[in-house]
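Here is a short briefing to read beside the sequence and the 3D view. The points are grouped by topic.

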Amino acid sequence: MNGLQRRANDPPGFALTRRYDAPRNLVFQVWTDPRFVAEWWGVEGATNPECELDVRPDGRWRIVMRTASGRLYANSGTYLEVVPDRRLVYWLGFVAAVLGPMHAFQAFSLAFFAITSGGVLVTLLVSGAILGAWR
Amino acid sequence: MTTTDPLSLTFSALADPTRRAMLARLVLGEASVVELAQPFQMSARAVSKHVRVLERAGLVVRSRDQQRRPSRLQAAPLREVDAWLADYRQLWTQRMDRIDDLLTKIQASDAS
């Protein structure tokens, strides 16, 4: 797993790993097919009425989420690197109110899909920055 | 461009891949125009133009240092970054669970 850990001087972010008992191509499909992504994206109790993913380098993606209380939030970004069944690198931008004022966020996400004896290991690295705030 | 709405300014500034790459570089620390130009086949003049777009959108600020005029991210206080990342990590943990449920459901329906 060398190279997948976060280093001390990386921008603020986090790493998550999860093992899935499923074929790797299916795990990758669940991450990239809009019909599946619409089922798990968003927050608890939300639905995703719009989900368009152009999964190729420089392809745009856009997901509109509707929360349980009916508010709509749009997430969008660009795929930077797509290696089928192995690797997905994308950029995400969104705007939200956190601690009062509105903020613009951006995050770089890298997802790796590896076959291990215990199943498909997904490693997700996220680096984030807040790019501005206004009232 | 005639828009002055901060949201539109931010998003049009973020829409350009070169400017996003510059912001990613600035996440690591301040940089001069020459330093920002290094990864690109681009003149200092073209880089300055991108920096001005980012500046106008309120995404970067330039220091008054006359020689280098380094740019840095107009970052919100660190506690806000931390608060967001803690929430975002939690959100992804829940998504990983939902992906697990979905994979189980798909494989069960394929088997039947």
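**Briefing: rings, charges and buried positions**

A:Arg35 sits over the face of A:Phe36, 5.8 Å from the ring centre. This is a predicted model. Chain A contains 2 helices and 7 strands. Their order from the N terminus is β-α-α-β-β-β-β-β-β.

**A:Arg35 and its surroundings**

- A:Arg35 belongs to helix H2 (residues 34-40) of chain A.
- Is A:Arg35 buried or exposed? A:Arg35 counts as exposed, because its relative accessibility is 60% and the cut-off for exposed is over 50%.
- Its side chain also makes a polar contact with the side chain of A:Asp33, at 2.8 Å.
- A:Glu52 is 17 residues away from A:Arg35 along the chain, and 9.3 Å separates their C-alpha atoms.
- Chain B has a charge over a ring as well: B:Arg95 lies over the face of B:Trp92, 4.8 Å from the ring centre.

**Aromatic pairs and the cluster**

- How many aromatic pairs does the structure hold over all chains? There are 11.
- One of the pairs is A:Phe14 with B:Tyr88, which is edge-to-face. The ring centres are 6.1 Å apart, and the planes meet at 65°.
- That pair crosses between chains. A:Phe14 is in strand E1 (residues 13-20) of chain A, and B:Tyr88 is in helix H5 (residues 78-111) of chain B.
- Both partners are buried: A:Phe14 has 4% relative accessibility, and B:Tyr88 has a relative accessible area of 5%.
- Why is the pair of A:Trp31 and A:Trp40 called tilted? Its planes stand at 55°, so the angle falls between the 30 degrees limit for stacked and the 60 degrees limit for edge-to-face. The ring centres lie 5.4 Å apart.
- A:Trp31 and A:Trp40 are both buried.
- These two tryptophans belong to one aromatic cluster. Its other members are A:Phe28, A:Trp41, A:Trp61, A:Tyr79, A:Tyr90, A:Phe113 and B:Trp92.
- B:Trp92 therefore appears twice here: in the cluster, and as the ring under B:Arg95.

**Helix H1 of chain A**

- Helix H1 (residues 24-32) of chain A is largely enclosed by the rest of the structure, because 7 of its 9 residues are buried.
- The buried residues of H1(A) are A:Arg24, A:Leu26, A:Val27, A:Phe28, A:Val30, A:Trp31 and A:Thr32.
- Among them, A:Phe28 and A:Trp31 are also in the aromatic cluster.
- An α-helix has 3.6 residues a turn, so residues three or four places apart point the same way.

**The E3–E4 hairpin**

- Strand E3 (residues 60-66) and strand E4 (residues 72-83) of chain A run antiparallel, joined by 7 bridges.
- Which residue of E4(A) is the bridge partner of A:Met65? The partner is A:Tyr73.
- E3(A) and E4(A) form a hairpin, with 5 residues between them. A:Gly70 is in the turn and has a positive phi of about 95°.
- In a regular strand the side chains alternate between the two faces of the sheet.

**A:Asn48, a buried polar residue**

- A:Asn48 is in strand E2 (residues 47-53) of chain A.
- A:Asn48 counts as buried because its relative accessibility is 9%, and the cut-off is under 20%.
- Where does its side chain reach? The side chain of A:Asn48 reaches the backbone oxygen of A:Ala38, at 2.8 Å.
- Leaving out residues up to four places away in sequence, A:Asn48 touches A:Val37, A:Ala38, A:Trp41, A:Gly42, A:Ile63, A:Val64 and A:Met65.
- Of these contacts, A:Met65 is the residue that bridges to A:Tyr73, and A:Trp41 is in the aromatic cluster.

**B:Val33**

- B:Val33 is in helix H3 (residues 33-37) of chain B.
- With 10% relative accessibility, B:Val33 counts as buried.
- B:Val33 touches B:Ala44, B:Val47, B:Ser48 and B:Arg62, not counting residues up to four places away in sequence.
- B:Arg69 is 36 residues from B:Val33 along the chain, and their C-alpha atoms are 7.8 Å apart.

**Chain A overall**

- Buried residues make up 52% of the 135 residues in chain A.
- Chain A exposes about 6,500 Å², and carbon and sulfur atoms supply 50% of that area.
- Of the chain A contacts between residues at least 6 apart in sequence, 40% join residues at least 24 apart.

Note on methods
Residues numbered from 1 in each chain as written. Chains lettered and ligands numbered in written order. Predicted model: local features only at pLDDT ≥ 70, side-chain atom pairs only at ≥ 80, totals over all residues. Heavy atoms only, no water. Pairing = 2+ DSSP bridges. Helix = DSSP H or I, 4+ residues; strand = E, 2+ residues; numbered from the N terminus. Phe/Tyr/Trp six-rings, centres within 6.5 Å; stacked < 30°, edge-to-face > 60°. Buried < 20%, exposed > 50% of the residue type's maximum accessible area, 1.4 Å probe, protein only. Lys NZ or Arg CZ within 6 Å of the ring centre and 35° of its normal. Contact = heavy atoms within 4.5 Å. Areas by Shrake-Rupley, 256 points an atom, 1.4 Å probe, with all protein chains shown as cover. Polar contact = N/O pair within 3.5 Å; in protein donor to acceptor, adjacent residues only side chain to side chain.
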